[in-house]
Structure formats: C-alpha cells, structure tokens
Amino acid sequence: MGLVPPCFITEIVERDLREGKYPRLLTRFPPEPNGYLHIGHARSIVLNFGLALDYGGECNLRYDDTNPETEKEEYARAIEEDVRWLGFTPDRVLYASDYFETMYRCALVLIQEGKAYVDDLSEEEMSELRAQGKPSPYRDRSVEENLELFERMRQGEFPTGSRVLRAKIQPDHPNFKLRDPVLYRIVHAPHYHAGNRWVIYPMYDYAHPLEDFIEGVTHSLCTLEFENNRAVYDWVIENLKGKCGLPLAPRPYQYEFARLDLTYTVLSKRKLIRLVEGGYVSGWDDPRLPTLRALRRRGVRPEAIREFVRRTGISRHEARIEMELFEEVVRDDLNPIAPRVLGVLEPLRVVLTNYQGEEWLEAPYWPRDIGKEGARPLPFSQELYIERSDFSLNPPKGWKRLAPGQRVRLRHAYVIELEDVVEEGGEVKLLKARMVPGTLGANPEDGIKPKGVIHWVSARHALPVEYRLYNRLFLTQDPEEGGDFLKNLNPLALEVKKGFVEPSVAQDPPETRYQLERLGYFWQDPGDSRPGRLVMNRIVPLKEGYRPQ
RNA sequence: UGGGAGAUCGGCUAAUGGUAGGCCGGCGGGCUCUGGACCCGCUAGUGGGGGUUCGAAUCCCUCUCUCCCAGCCA
C-alpha cells in the first residue's frame, strides 16, 4: 500500500508519468526555517516524500530561506531531524539561499528585457496605488537606469526598505498578485546561511518558482492559500525558461491542496509561540503540543502520523479533522506492538486476610487476539494496590468491579472478595479482602463467577512511578470559540499521579511502549525518566467502554 | 467591491452520467481473565431552486454559504 492515498494529485502524477512528461518525479518539502514543525506539516511531508517513494522518484528537503529576519540555523536543524524522525530520508538537503546568485542574474535578465523595474515608492504609497490599480510613476524607467539602480541596491548603497525591484506585469490586473509584484527588497541584515553577502533578498513569489526550476522539481505542491500566487509562479518560469542556465523544458507546475487542521488544538505559529513563551507549556516539546517533537516525546510513533495522513486523505476542501480520529489511529498503531503490563495510577491498598508470603506468577504479555508469544514473572503477595476507581461502596447499576458483596478477578491472578473497609475521615484508606482459593486460572468452585477483572500490583514489589496523563490541550473543539484561545485552555491537559508499575518494566529497553491494561498506552518520558525514578507519559488513553450514569 | 477556490452522513473521505460506499464518532448487541481488541447491527448525507438526460453528487443555469488574495512575510 502506498504512503499517499489516491487523490487528485496522484492522478496528476500518474498521468504525467504515463505521458512521459518528465524523466522522473521530483518533489520537495520547502519549509521556511522560522519555527518548529507540527502535525499540520506532516501532511505536506508525507505527500512530497511519499509521492517520491510511491512512484520511484526523489524528494528534496529545501529550506525556503529568503527572509533573513525570521530564520535560524537552529530551526533548520530541528526541521531536518523531525523529517528524518518521521521516517523520510531527503535525497538532498538544500538551501534556497544558495541560489541567490542565480536569482540575481535572472533578475538582471528581466530588467534587460524590460520586464522589471526599480521602484522608489514607500510601502504605503505602493499599497495605495496597487489598490487603485494605478501604475507607479517609476514604472517606465529606462533599462539602463534600472540596471544601475538595481546594482547599487545590491552594493548596499540604499537603506533597508527604500527601494524594491518589481515585475512589470499589469498594474490593474484583477488578481492583485499580478499587480507588478515585488521581486526584491532591501534588508540590511545578516543571513544565517548566506552570511553578509547580500542586502537584497528575493521575495517568495519570485524565488520559489526559480528554486523549483533550478532543482528540476516536477510537481510543486503547496497549500491552498497560494492559489493566487500560481499566476506569478507561471509568469516567472515562462519569462526565464531557457535563460541563465535554466532549461527550456520540462518545467515544474504548482498544485495546491488543503491544510491539515485538528480539533482541540492550535496549529498556527503565532498561537504556538504564545503558548510556549507565555509559559503555558514547558517548551516546544511539551507533550501537550501538536509539534512533531512534542508528539515524539509523548510517545506517538512516526508510523501513526504517516497512517493518520493517509487515512485523512488529500483534498482541496478546507477541513478540520476530529482529534478522535487521530487518537484512534495512535491506538491502532500501538495495539499490536505494545506489551501489556500492570500499573496503578491512584493506588488503594488491599490486604489479603487469608494469604501469606509471595509467589511469582507467569503472566503473558499479549492477549490472545494479538497472537504474540512472551511472558514475564509477576509477583503476587499479601499486600496489593488496586485502582481507587475500581472500588465502590455504593456501586451504580452495571458495576463490574469490586464492591461489597461483589467479587472481582485480579488480572492474571486470583479472584478476591471484600471483607472489610477501613475508612478515615470519610475516605477509604484500606480494603481487607479474602482471596478465593483455587481461582488461579480457574473459576471459583462455588460457581459464583466474578463480574469483572481489575488490574493491580504487589505493594512490596511495585516500582513507584510519576505518571503524566496528557489530555486535550483545549476544552473546546475550536480553541478560538469565545474570542480568546487562552481562555479555552484545558487546565487538566496534564495531570500528574504518583502511582506504581509492576517490576518487570525495569528489565525492558527504556523506549518500550506499553499498554497498561485498562488504562492506556504509556512509555517512559525520554527527558525525565531515570531507572530509579520512573516517569511515564500516557500517550493516549484506552477507549472507555464503561460510562457511569 | 474585484479576483481565486470550495460545499456529499455529526467529522473526514470515496463514487469521474448507471445500486451514494468506507473510516472516525454515537447508540445497541455478541465475545472476552483488559468495560481494550475483535465481530454483528443501527444511526445518518449529495447546500437551495431550475434545466439537460432513459438515468445527475457528477453536465448546464441560478441563488446561498464558507475560505483565500489586496506584506517590501512565506
């Protein structure tokens, strides 16, 4: 099965390949290195790299770094790391800023052909005239004057923002993008990759088609908000093909697809920055965030993210996907690979009145339906911890757990029944219970079968764990609801519990992902967990079949 | 206002003139030493109005709604 779901883009690719339009497919993932990648970017990454893999082509990772004021090497490195973590190997790692010389020579050609001019208008004046559809008074400068002015711009003779190079297209075109778009601006600022060589920087609309064309990209895939920019993309390529060392054909074409958006979270750079810098989360890798580093730290596997992209499809329809689907895909991914172990989040002590000593039981890691082999020794003893929520003094209808007069089975162990409840200040402190003899791997001889099965650990053997339970970042599907997204933050997006886990996990590789039975999928926090001081992140809870009335 | 795009079950997405299907969710049942997984069933849709056609989600006209553009950001 392919990485990319069948869609209008795979149709285009298949058609182009069938018709022999290109010798081979070449795509690119072109982020600006001005922030961290999030799950929204995953759609673009999987699309571009996946297409290359599915159709025997290649895919470049290219930093679209044409704005020195926003970009950092730190971001570029993080982006590459995240792309590789997602499971993709760029055929090349490239920088748009390495093409600045070629782009400059192309601009010279445009000027010489009377297709570009230097404009002295202020930003406000230009905006005004553009809105009115009127030409700039500098539009008809001579080629010689434009050449001289542009050269002086490059030499750094003019201050930041004082002049621009514009394409001479049509001042009153109905598509505003075509109203003589700016090609170059002056910015006196060092560039993280190009250094101090340049003080003029190309604009996206001019740079992007050239980057694609230079690299031999065949299909230039971007999101819907660039639809209007396609006309400029085509103008640049049509006016420069066969010049400055650029080929005549074949040329790249731009196709747009819808962004990936999710409920109960935010994906805009601006809002993510406010969450991080405002201290609402602990950093860019805080597992509450939708960034790829956060999901990685939380324990989500790259396989799940790729599958999520595949399952949600590629379309031209703006859509917000329900978080429930993402969570389900994460569970689907973990279910067949996560060994089952027992742990308790909120311990309630249980003392068995008719059991002494200890024994080590053999407990299989996998339920029958997974079909995998393997087991671990599980210690059982007189004092146990069970989940506080697995006991009720006044159980509601349909209760399958421990209650006065109601037996339960301890998973992989014995059936127990309640004898006494020790309360202190209105709180249940301790349970005294009786183990029903002969119930290891068998039903009680008296024929009274337990209604349910609960998880537990042996108090003496269990390892203490700090559990970090991650929930949705926002209370509302749309965090924007009501105006201020910060007001909709979920105060319980992170809950910390001091609990226990069975001792076998100490023997496992620290990156093991577990299913704590009846609780959810967990793994050790790669940042804070230590052998003697376990910290476990809940990746995603299990589906809860029981709903109290 | 001009220009560009998009509307299919509650959500996402198929059907490319020929039985409106799948997944997520929700509800109910089966099975189970996980109230998980798995299995079964139910729920529920072509934005409105006209037209073409034997036949329309699909083609045409029209209306409505939503998104994008009018940075020297990408």
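Which residues does Pro-190 touch, not counting residues up to four places away in sequence? I started my notes there, keeping in mind that this is a predicted model.

**Entry 1: Pro-190**

I listed the contacts and got Pro-68, Gly-195, Asn-196 and Tyr-201 as the residues that Pro-190 touches, leaving out those up to four places away in sequence. I then looked up where Pro-190 sits: it lies in the loop between β6 (182-186) and β7 (200-202). Pro-68 caught my eye, as Pro-190 and Pro-68 are 122 residues apart along the chain, yet I get 6.4 Å between their C-alpha atoms. Buried or exposed, then, for Pro-190? I put Pro-190 down as exposed, because its relative accessible area is 54% and the cut-off for exposed is over 50%.

**Entry 2: α7 against α8**

Next I turned to a helix pair, helix α7 (residues 204-215) and helix α8 (residues 230-240). I noted two numbers, since packed helices are described by the angle between their axes and the distance between the axes. Here the angle is about 55 degrees and the axes are 8 Å apart. I therefore logged α7 and α8 as oblique to each other. The crossing of α7 past α8 is right-handed.

I also pulled the residues that meet. From α7 I have Asp-205, Tyr-206, His-208, Pro-209, Leu-210, Asp-212 and Phe-213; from α8 I have Val-232, Tyr-233, Val-236, Ile-237 and Leu-240. Sorted by class, that contact comes to 9 nonpolar, 1 polar and 2 charged residues.

**Entry 3: Ile-237**

I picked Ile-237 out of helix α8 for a closer look. I call Ile-237 buried because its relative accessible area is 0%. Leaving out residues up to four places away in sequence, I find Ile-237 touching Pro-209, Phe-213, Arg-251 and Pro-252. Pro-209 and Phe-213 are also among the α7 residues in the helix contact. I checked one backbone distance too: the C-alpha atoms of Ile-237 and Leu-210 are separated by 7.1 Å, with those positions 27 residues apart along the chain.

**Entry 4: cysteines**

Last, I searched for disulfides and found 0 in the structure. Cys-7 is in no disulfide, and its nearest cysteine sulfur, that of Cys-222, is 14 Å away. Why no bond for Cys-222? Its sulfur is 14 Å from the closest cysteine sulfur, in Cys-7, so the gap is too far for a bond; a disulfide needs the sulfur atoms within 2.5 Å. I checked accessibility as well. Cys-7 counts as buried because its relative accessibility is 8%, and Cys-222 counts as buried at 10%.

How values were computed: Residues numbered from 1 in each chain as written. Chains lettered and ligands numbered in written order. Predicted model: local features only at pLDDT ≥ 70, side-chain atom pairs only at ≥ 80, totals over all residues. Heavy atoms only, no water. Buried < 20%, exposed > 50% of the residue type's maximum accessible area, 1.4 Å probe, protein only. Axes fitted to C-alpha atoms, helices over the stretch in contact; angles between N-to-C directions. Helix = DSSP H or I, 4+ residues; strand = E, 2+ residues; numbered from the N terminus. Parallel < 35°, antiparallel > 145°, perpendicular 65-115°, else oblique. Left-handed = near helix turned anticlockwise from the far one by under 90°. Contact = heavy atoms within 4.5 Å. Nonpolar A, V, L, I, M, F, W, Y, C, P; charged D, E, K, R; others polar.
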